[in-house]
Amino acid sequence: MNEIKIYERPKAWAEGVHTHYCPGCGHGILHRLICEIIDELGIQNDTIGTAPVGCAALMYDYIDVDFCEAAHGRAPALATGIKRTRPDKIVFTYQGDGDLASIGTAEIIHVANRGEKLTTVFINNAIYGMTGGQMAPTTLIGQKATTCPFGRDPELAGYPMRMCEMLATLETPGFITRVSVARPKYIIEAKKAIKKAFQNQIEGKGYSFVEVLSNCPTNWGMTPVQAFEWTESTMIPHYPLGVFKDFK
Amino acid sequence: MAKGRINVLEEYCKSCGLCVEACPVKVLRISDHINSKGYRPVEQFKEGCIACKMCATMCPDAAIEVYKIEEKQ
Amino acid sequence: MARVLMKGTEAIAEAAIQAGCKYFFGYPITPQNEIPEYMSGKLPKIGGAYVQAESEVAAINMVMGGGSTGTRIMTTSSSPGISLMSEGISYIAGCEIPAVIVNVMRGGPGLGGILPSQADYFQSTKGGGNGDYRLLVLAPSTLQEAVELTQEAFDLAEKYRNPVMILADGFMGQMMEAVEIKEHVSGDLPPREPWALGCMGERGSKRSILKSLYLNPEDLEKHNIKLQKKYREMDKEVRSESYLCDDAEILVAAFGTTARIARSAINNLRKEGIRIGMVRPITLYPFPTQTIRDLASSLKHVLVVEMNMGQMLEDVQTAVCGKAPVSFFGHAGGIAPSVKEIEDRVRSIL
Ligand SMILES: Cc1ncc(C[n+]2csc(CCOP(=O)(O)OP(=O)(O)O)c2C)c(N)n1
Ligand code: SF4
Ligand code: SF4
Ligand code: SF4
Ligand SMILES: [Mg+2]
């Protein structure tokens with residue numbers, strides 16, 4: 001009998017660290033995918049990440065590459081400064097829905113419109129996780145949050161924002177896609193998309209944006225398994241998966 | 001069907017149960033003992049793993065290693 | 001480069017380029033638009049980049065990103081724009097990233113006006129953004145000095161890993177004067193700092209993390225104590241010009257353009273036999289407290305002149321420490337104190 005290890009912790013995952021994420025949180029899955037991609041592309045020494053404000057604020061403790069912290073929503077501008085001064089490096093932002101679709105709306109639209117040659121990973125969990133479950137711009141109609149205790153009412157708060165669709169209207173070429181980490185079949189597709197987004201950068205193409213439908217079991221008040229069922233049954237119908245633009 | 005087994009890095013496991021749900025042949029369960037963080041790590045409780053990596057693909061804490069077992073001809 | 005007649009804003013821009021600054025991120029606002037305009041024409045030709053940001057909020061974060069890779073970086077703006085940058089400036093200071101920020105001040109508060117002012121003294125020296133941070137603040141009063149301080153600002157920013165602000169007023173930006181701009185950095189720039197992002201390979205696969213977040217209170221206090229220690233080190237950079245102070249009974253304290261106007265008034269008053277001199281702070285932070293304090297006991301009066309409603313006044317009062325009466329004369333809204341007004345005010349004190 002011969003045993004071959006076919007999966008192990010990625011090398012780019014900082015050694016020996018335990019994440020602070022709640023059990024079953026999609027942030028961990030997404031970090032792991034990014035680490036696997038960094039390993040597979042052999043770019044650990046050449047990658048510069050920007051950490052958001054949100055639950056992933058401490059992501060620099062987990063992904064073992066150079067990092068700069070960004071102010072809430074400002075990562076696209078920060079990453080622009082990094083990439084313009086080090087065009088030879090692989091630069092990415094990692095942003096939550098509050099960070100990217102609310103306080104950082106101007107920055108995300110303009111980084112895409114300038115076609116900065118960098119990558120954004122947008123983790124949409126339809127809630128402000130870190131601050132305790134307040135309504136996000138992506139919170140679904142009827143979804144309860146601590147600042148919409150009766151469910152999101154479009155009369156008061158408008159409709160959930162579809163960032164991929166909005167960004168895809170820009171004339172500037174780019175790669176814009178929406179994936180999910182709710183189940184292994186989606187995760188496999190998510191990894192392909194994020195890997196492509198990093199490869200685009202290596203090839204010197206323009207801006208790549210990958211929205212990832214995730215979860216927040218803690219603030220949704222669900223078990224991790226229930227939460228991902230909800231991602232699949234309720235988020236995906238509102239936020240359809242697919243490629244919205246691919247350098248055309 | 002390939003044969004395999006998994007190794008759970010128990011200290012990293014947060015007993016979220018996502019791998020248990022993801023395993024197509026249902027060979028995983030939450031164990032009875034606890035790790036130093038107070039979580040009950042997952043365990044493979046019976047034979048039949050097909051080395052499909054679905055559990056590892058799902059794990060938010062990279063707590064699962066997967067081995068493929070090759071029978072010597 | 002020989003002495004040439006240049007507009008203040010353009011002189012500052014060219015000085016930065018000659019100091020090795022190849023990247024500029026900014027957003028238009030009067031009265032400093034000639035700087036980004038100049039940069040947008042020049043930087044692409046020397047292998048650098050000019051990015052017109054979507055706002056000052058974005059511009060300062062681009063500056064933070066550029067600085068984080070150990071690259072010489074600058075942005076310029078005017079008062080309301082600096083207000084928007086305050087968030088980023090606090091992060092840059094907290095993460096200890098070098099950057100040069102020029103404020104060509106206009107009148108406030110709010111949208112205020114577009115005429116010259118010195119009303120951002122508090123904003124630049126006492127904060128603006130949140131937290132216990134400090135900027136090195138340099139206040140030139142001639143274009144030649146603006147050129148030299150701009151170039152030195154890059155060295156100081158790197159030396160202290162701290163943002164440095166050039167506080168200029170609209171007069172300085174718009175006036176024309178003969179200046180000589182030396183090549184401040186010849187050949188290659190200094191090597192990237194050991195902490196710079198993008199050098200993980202050079203560090204033997206050791207990553208660098210630039211952050212201001214310390215969730216553990218003891219760690220955050222330690223970080224703050226470290227910053228304060230650095231600010232005390234920065235005290236060494238204190239600089240001021242003492243003009244006719246040796247026998248002075250009346251002392252004028254003024255900075256920037258106001259000091260130029262005061263100098264003419266002092267020259268006229270000296271002709272009348274009035275023993276008057278001036279301390280002109282060149283660094284507003286660190287403030288030349290000791291220089292003023294050493295003079296204070298031999299003074300009959302200290303007159304602070306500013307183009308605002310009395311801001312540096314508070315630092316002068318602290319320096320004088322009750323040893324002499326301190327009074328204030330100033331204008332706001334874009335009106336400069338005239339030579340005659342200053343002379344009259346001094347005569348009224350006597
Ligand atoms: C300027 C500013 N405003 C507000 C906050 C508080 N804050 C921290 S995280 C956060 C929301 C994060 O939500 P999201 O981006 O969706 O990330 P998640 O935690 O859900 O991953 C807010 C509002 C802040 N840190 N800075
Ligand atoms: S609060 Fe929500 S998003 Fe944040 S770590 Fe917990 S589950 Fe994840
Ligand atoms: S590798 Fe596949 S079969 Fe084996 S435990 Fe994991 S999910 Fe189950
Ligand atoms: S998915 Fe990972 S953390 Fe969750 S129970 Fe399985 S091994 Fe443990
Ligand atoms: Mg969120």
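**Ligand 1 and the chain contacts**

Of the 16 residues around ligand 1, those that come nearest are A:His27, A:Cys55, A:Asp97, A:Asp99 and A:Gly129; a residue counts as near if one of its heavy atoms lies within 4 Å of the molecule. This is a predicted model, in which local features need pLDDT of at least 70 and side-chain atom pairs count only at pLDDT 80 or more, while totals for chains, interfaces and linings use all residues. Residues are numbered from 1 along each chain as its sequence is written, chains are lettered from A and ligands numbered from 1 in the order in which they are written, and side-chain values use heavy atoms, with hydrogens and water left out.

Helix 3 (residues 97-103) of chain A gives the largest share of the shell around ligand 1, 4 residues. Helices here are DSSP runs (H or I, at least four residues), as are strands (E, at least two), numbered from the N terminus. By class, the shell around ligand 1 holds 8 polar, 6 nonpolar and 2 charged residues. In this scheme Ala, Val, Leu, Ile, Met, Phe, Trp, Tyr, Cys and Pro are nonpolar, Asp, Glu, Lys and Arg are charged, and the others, Gly among them, are polar.

Oxygen atoms of the ligand can be followed to the protein. One lies 2.8 Å from a polar backbone atom of A:Gly129, and a polar backbone atom of A:Gly98 is 2.9 Å from an oxygen atom of ligand 1. The side chain of A:Asn125 has an N or O atom 3.1 Å from an oxygen atom of ligand 1. On its own, ligand 1 has 590 Å² of accessible area, and the protein covers 76% of that (Shrake-Rupley method, 1.4 Å probe).

Next come the chains. Among the 2 pairs of chains that touch, A and C have the most contacts, contact meaning heavy atoms within 4.5 Å. Chains B and C do not touch, and their nearest C-alpha atoms are 19 Å apart.

Chain A puts 34 residues into its contact with chain B, and chain B puts in 32. Together they bury about 2,800 Å², 62% of it on carbon and sulfur atoms; buried area is the accessible area (1.4 Å probe) that two parts lose on being put together, summed over both. There are 2 salt bridges between chain B and chain A, including one between the side chains of B:Glu65 and A:Lys5 at 3.2 Å, N to O. A salt bridge needs a side-chain nitrogen of Lys or Arg within 4 Å of a carboxyl oxygen of Asp or Glu.

On the side of chain B that touches chain A, helix 1 (18-22), helix 2 (54-58) and strand 4 (64-70) each give two or more residues. Strand 4 of chain B has the largest share, 7 residues.

Definitions and conventions
A polar contact is a pair of N or O atoms within 3.5 Å; within protein, one must be able to donate a hydrogen and the other to accept it, and residues adjacent in sequence count only if both atoms are side-chain atoms.
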